[in-house]
Amino acid sequence: MATKREPIHGQWSGRLAFILAATGSAVGLGNIWKFPYIAGENGGGAFVLIYLLCIAVIGIPIMMAEVMLGRRGRRSPINTMRHLAGEENASPHWQWLGWAGVLAGFLILSYYSVIAGWALAYVFRAGSGLFTGLTADGVQSIFSNLVSEPERLLAWHTLFMVMTMIVVARGVRSGLEKAVRLLMPALFVLLVILVGYAWNSGSFEQGVAFLFQPDFSKITADGVLIAMGHAFFTLSLGMGAIMVYGSYLPDRISIAKTSIAVSLMDTLVALMAGMAIFPIVFANGLEPGAGPGLIFQTLPIAFGHMPYGAFFGMLFFVLLVFAAWSSAISLIEPAVAWLVENRSMTRVNASVLAGIATWSFGLLTVFSFNIWSGFKPLADKTLFDLLDYLTANIMLPLGGLLIALFAAWKMSRESSVDELAMGERFWYPLWRILVRYITPIGVTIVFLHAIGII
Ligand code: PHE
């Protein structure tokens, strides 16, 4: 059996620090920007129900598996997988799982940063009182003006990437813990205020019914795949982000309790965002399936009509930027940790290199919304749509599937009992059944269903 390793990039100060960092990674654009718009595009209730089911039976057990592998390996995901494979007498090819994760994180961050740039731009638009008294049409045209100009998008994307790389260069621990501790609760309070506004919008019931009344005739096989993919995306699973954070987790902290806490908070934030947005959509005769611009075309209406709207609007987008920031850091951390370990780079150089590469790739997304918006090489999807689809719906579930297979089939029972420390009665066997059978079978069925085989 393995002796305990010390992490080489530092360690969280304790349980709360890890929960905060993992929540910082999980809660982000996925909850507030992506969840409402894909729920809207896929007909609401049935989609939301499948997403919740995936969080419970696939997401939480895989999060536990991923944190466990990280803490056992105590290195960047690539090296963690290589070492654990050696330790458990599995094939060295398992390290490819780490590589695939680094690639997925890089691809996701390239578009994530562009969207976070929209949120940055909206900090200033909201703060200047631009939304005051605006109707749905006015709000819509502000959004189209922003995305139609590549130079503007590029500037905001650049600013966001620079912000991200500065934090990554300094090391994930300094600053991040403190920022998340303060800003996550603040974001939550603002969401409560927005739900309060939506409550009075006149269409609260309709919005909530759209979100929670399942109508299975509205969901397609592709919709099921998108719901499952989003469970991975929103919990930051399947690409090593949670693994790398797990590698900084001190021993003796319960992996199960922390994983459940993080997943619950993440889900709550997404549902609150949905409850804030859909009543506004219906009250203003807007389209729930409006696409990636949905929150930028709805929330400003609320801010434009509530007392102190300019202040609350600005604060909301500031907090959204912070939420995106703490997620972005975790998207690139596996790559940076690897460059530091294997290429003996300093953190600063590794961050600059990873940042420049990601920034450049982000140009594809920047242009997808304007000069290349008509370029749809596959399945009527722009380059941005394709990147998002490939990463969230294919790469992350595949990565998660392999994590589950490694944790449950390759790793000895002894090692996982030791690492999870849940005793051997009820909870441990339940987890093991979920990751051994239920998750792999579930993910495979959804894949096969989406490509039309079953
Ligand atoms: N979970 C983040 C969000 O919801 C996105 C993310 C995905 C972060 C994968 C890290 C890894 O915004």
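The lining of the largest cavity in this predicted model divides into nine nonpolar, eight polar and no charged residues. The space inside this cavity is about 130 Å³. The lining comprises 17 residues. Closest to the centre are Ser25, Tyr112, Phe233, Ser236 and Leu331. Five helices each contribute at least two lining residues: α1 (15–26), α2 (29–41), α5 (95–127), α10 (221–234) and α14 (309–342). The structure holds three cavities of 30 Å³ or more.

Open pockets were examined next. The largest pocket encloses about 480 Å³. Its lining is made of 20 residues, and Tyr37, Glu41, Pro292, Phe384 and Asp385 lie closest to the centre. Helices α2, α10 and α16 (383–410) each supply at least two residues of this lining. The most comes from α16, which gives five residues. By class, the lining of the largest pocket splits into seven nonpolar, six polar and seven charged residues. Helix α2 thus appears in the lining of the largest cavity and in that of the largest pocket. Helix α10 also appears in the lining of the cavity and in that of the pocket.

The second largest pocket holds about 280 Å³ of space. Fifteen residues is the size of its lining, with Met64, Ala256, Ile260, Met422 and Trp427 nearest the centre. Two or more residues come from each of α3 (45–73), α12 and α18 (427–450). The lining of the second largest pocket consists of 13 nonpolar residues, one polar and one charged.

Aromatic contacts were then surveyed. The whole structure contains 30 aromatic pairs. One of them joins phenylalanine 210 and phenylalanine 282 in an edge-to-face arrangement. The ring centres are 5.5 Å apart, and the planes meet at 65°. This pair connects distant parts of the chain. Phenylalanine 210 belongs to helix α9 (residues 204–212), phenylalanine 282 to helix α12 (residues 255–283), and the two are 72 residues apart. Both phenylalanine 210 and phenylalanine 282 are buried. Helix α12 also gives residues to the lining of the second largest pocket.

A tilted pair is formed by phenylalanine 322 and tryptophan 325. Here the centre-to-centre distance is 5.2 Å, with 45° between the planes. Phenylalanine 322 and tryptophan 325 are separated by about one helical turn, because they stand three residues apart in helix α14. Phenylalanine 322 has 27% relative accessibility and therefore counts as partly exposed. Tryptophan 325 has a relative accessible area of 18%, so this residue is buried, the limit for that class being under 20%. Helix α14 is also among the contributors to the lining of the largest cavity.

Charged side chains also sit over aromatic rings. The charged end of lysine 34 is placed over the ring of phenylalanine 233, at 4.3 Å from the ring centre. Phenylalanine 233 is one of the residues closest to the centre of the largest cavity. Arginine 436 lies over the face of tryptophan 409, 3.9 Å from the ring centre.

Backbone geometry gave two residues of note. Arginine 74 is not a glycine, yet its phi is positive, near 60°. Arginine 74 is located in the loop between α3 and α4 (77–87). With 2% relative accessibility, arginine 74 counts as buried. Aspartate 380, also not a glycine, has a positive phi of about 55°. This aspartate 380 lies in the loop between α15 (347–368) and α16. Aspartate 380 is exposed, because its relative accessible area is 60% and the exposed class begins over 50%.

Confidence was assessed by pLDDT. The protein chain averages 93, and 98% of the residues score at least 70. The lowest confidence falls in helix α8 (residues 176–199), with a mean of 87. The highest is found in α2, at 98. Helix α2 is also one of the elements that line the largest pocket.

Technical notes: Residues are numbered from 1 along each chain as its sequence is written. This is a predicted model: local features need pLDDT of at least 70, side-chain atom pairs count only at pLDDT 80 or more; totals for chains, interfaces and linings use all residues. Side-chain values use heavy atoms; hydrogens and water are left out. On a 1 Å grid over the protein atoms alone, a cavity is a set of points where a 1.4 Å probe fits but cannot get out, and a pocket is an open set with protein on both sides within 12 Å along at least five of seven lines; lining residues have an atom within 4 Å of a point. Grid points are joined across faces, edges and corners, and a volume is the space filled by probe spheres set on the points. Helices (H or I, at least four residues) and strands (E, at least two) are DSSP runs, numbered from the N terminus. Ala, Val, Leu, Ile, Met, Phe, Trp, Tyr, Cys and Pro count as nonpolar, Asp, Glu, Lys and Arg as charged, and the others, Gly among them, as polar. Rings of Phe, Tyr and Trp (its six-membered ring) pair if their centres lie within 6.5 Å; planes under 30 degrees apart count as stacked, over 60 as edge-to-face and the rest as tilted. Buried means under 20% relative accessible area, exposed over 50%, partly exposed in between (1.4 Å probe, protein chains only). A charge sits over a ring if NZ of Lys or CZ of Arg is within 6 Å of the ring centre and within 35 degrees of the ring normal. pLDDT is the predictor's confidence in each residue, from 0 to 100.
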